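Biologist: Before I rely on the labels attached to this structure, I would like each one justified. Please set the value beside the cut-off and then conclude.

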Amino acid sequence: MFTTHTSRDTTPRQTVVVLGGGYAGVTAANRLAADRGLDVVLINPRDHFVERIRLHQWTADTGDPRHPYASVLAAGVRLIVDAAEHIDAAHRRVRLASGTVLGYDLLIYAVGSAGATTIPGAAEHALAICEWESAGRIRERIATLPERSAISVVGGGLTGVETAAELAGLGHRITLVAGGEITPGISPRARASTRATLRRLGVIVREHTVVHRIEETGVMVGGPDGDAEITGDLTVLAAGFTGPDLARNSGLSCDDAGRLRTHASLVSVDDTAIVGTGDAAVPDGVHTRMSCQAASQLGLHAAKTARAQLAGRPPTPAHPVFVSQCISLGREAATLQVTHLDDAPARTVVTGRAAVLVKEYVCRGTVWGLKGLARMAGRPNPAAVAEPVEVAGV
């Protein structure tokens, strides 16, 4: 039995199911909602949109990343708050955790990414910053800690650096542990400025340090000075991303990180009725750093590809471009690394208050963009949750 949705008119409508309500999923759904010949259904396990780039603020209680879907989804998008458990590509249907089965003409796979927990002991003794639920647990745990508690942040990428700086602003003793240099994607000058700001905030930065395992009392590491234990009251994990198990468990081709393999057009290498986008997909020959910067562009292209597939036209390759990497360092400092279109660092680096203002503008701009697409497709959705309609015998 399929689950589909009825329309107010009798014109046949094709159904596009979007799995995932992050930057890429909402962008794709809003763009497709402008097409009155489509029934667009968005499946997401949460009833609100999360600004993932503000999760470090959420843990420190310096910002709220939540937005009601009614404010960012177009009126034509039907939201079902549920989680996808299996994709039956052969029969073009998705089974949800609730037991509901949805049929589709085209599926957009935009389930995002999760924090990697491959370090021994991480699952038991660390909390990941990369996901909404786990970030909430970090926030709750920090609220119970005494002043000047010792917190280790494992991971020297943008997320780890932002988290370390934000928590240092609360007065805690922060150690940032990186396997190589911190923020490897920016220039040496930008990295030196970032290190200097972290020092001013009191963050101890341990680069070229391998984490052997995470224990309840701290982090066991090895580095230039030998093996040691970094003791602490809390370990926060920001050591990379991995794709959810949904695609792999559904028999679809994935890379080693669990991301859906697609052609450059974002069409799945296994099925022409599946389009992958955002962090959840790895397009052949297309550089896509996991970021909202890439996700927003790939969401737009996913909608374009979906339209082409439904109309029987050949899809075009995606060409996401990058303009900067912007790192918040607490509420009073930031590093803005201007990049070339391929994300390689350019000469220009902005720091200080100017970088703070740009970073905040960028964060707000991602939400403004979603709301703008919703307005273009129709008025913001006043009641974004719709129940599926069971259709027997399909």
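Biologist: What makes helix α1 (residues 23–33) mostly covered?

Modeller: The model is predicted, and in it 10 of the 11 residues of α1 are buried. A residue counts as buried when its relative accessible area is under 20%. Those that meet the cut-off in α1 are Y23, A24, G25, V26, T27, A28, A29, N30, L32 and A33.

Biologist: Why is helix α6 (residues 158–168) called largely enclosed?

Modeller: By the count of its buried residues: 9 of the 11 are buried, so the rest of the structure largely encloses α6. The buried ones are G160, V161, E162, T163, A164, A165, E166, L167 and A168.

Biologist: Which residues of helix α5 are buried?

Modeller: In α5 they are W132, S134, A135, G136, I138 and I142.

Biologist: How do you know that the span of α5 is close to the expected one?

Modeller: Helix α5 covers residues 132–144, which is 13 residues. The expected span takes 1.5 Å times one less than the number of residues, and for α5 that gives 18 Å. From first C-alpha to last, α5 reaches 19 Å, close to that expectation.

Biologist: What is notable about the backbone of R148, in the loop between α5 and β13 (150–154)?

Modeller: R148 has a positive phi, about 60°, and it is not a glycine. H208 is another non-glycine residue with a positive phi, in its case about 50°. H208 sits in the loop between β15 (204–206) and β16 (210–215).

Biologist: Why is H208 called partly exposed?

Modeller: Buried means under 20% and exposed means over 50%, with partly exposed in between. H208 has a relative accessibility of 46%, so it counts as partly exposed.

Biologist: Why does T175 count as buried?

Modeller: The relative accessible area of T175 is 12%, and the cut-off is under 20%, so T175 is buried. T175 belongs to strand β14 (residues 173–177). Leaving out residues up to four places away in sequence, T175 touches I151, S152, V153, I204, R206 and I230. A touch here requires heavy atoms within 4.5 Å.

Biologist: What makes A295 a buried residue?

Modeller: Its relative accessible area is 5%, so A295 falls under the 20% limit. A295 is part of helix α9 (residues 292–311). Apart from neighbours within four places in sequence, A295 has contacts with Y23, A24 and G278. Two of those partners, Y23 and A24, are among the buried residues of α1.

Biologist: How far apart are A295 and G22 in sequence and in space?

Modeller: A295 and G22 are 273 residues apart in sequence, and their C-alpha atoms are 8.6 Å apart.

Biologist: Why is V367 called buried?

Modeller: V367 has a relative accessibility of 5%, and buried means under 20%, so the label holds. V367 lies in helix α10. Not counting residues up to four places away in sequence, V367 touches F49, E51, H67 and V72. E51 is 316 residues from V367 along the chain, with a C-alpha separation of 7.9 Å.

Biologist: G378 lies in a loop, between α10 (352–377) and β27 (389–391). Why is G378 buried or exposed?

Modeller: G378 is buried, because its relative accessible area of 17% is under 20%. G378 and A168 are 210 residues apart in sequence and 43 Å apart in space, C-alpha to C-alpha.

Biologist: Now the whole chain. How many helices and strands are there?

Modeller: The protein chain has 10 helices and 27 strands.

Biologist: Why is the chain called as compact as a globular protein of its length?

Modeller: For 394 residues the globule rule gives 21 Å; the radius of gyration is 22 Å, close to that value, so the chain is as compact as a globular protein of that length. Along the principal axes, the C-alpha atoms fill a box of roughly 70 × 40 × 40 Å.

Biologist: What percentage of the residues is buried, and what area is exposed?

Modeller: Of the 394 residues, 53% count as buried. The chain exposes about 16,900 Å², with 52% of that supplied by carbon and sulfur atoms.

Biologist: How many positive and negative side chains are there?

Modeller: There are 39 positive and 39 negative side chains, and the centres of the two sets are 8 Å apart.

Methods:
Residues are numbered from 1 along each chain as its sequence is written. This is a predicted model: local features need pLDDT of at least 70, side-chain atom pairs count only at pLDDT 80 or more; totals for chains, interfaces and linings use all residues. Side-chain values use heavy atoms; hydrogens and water are left out. Helices (H or I, at least four residues) and strands (E, at least two) are DSSP runs, numbered from the N terminus. The radius of gyration is taken over C-alpha atoms; the globule rule is 2.2 Å times the number of residues to the power 0.38. Buried means under 20% relative accessible area, exposed over 50%, partly exposed in between (1.4 Å probe, protein chains only). Accessible areas come from the Shrake-Rupley method with a 1.4 Å probe; for residues, only the protein chains shown count as cover. Lys and Arg count as positive and Asp and Glu as negative; His and the chain ends are not counted. The place of a charge is taken as NZ of Lys, CZ of Arg, CG of Asp or CD of Glu.
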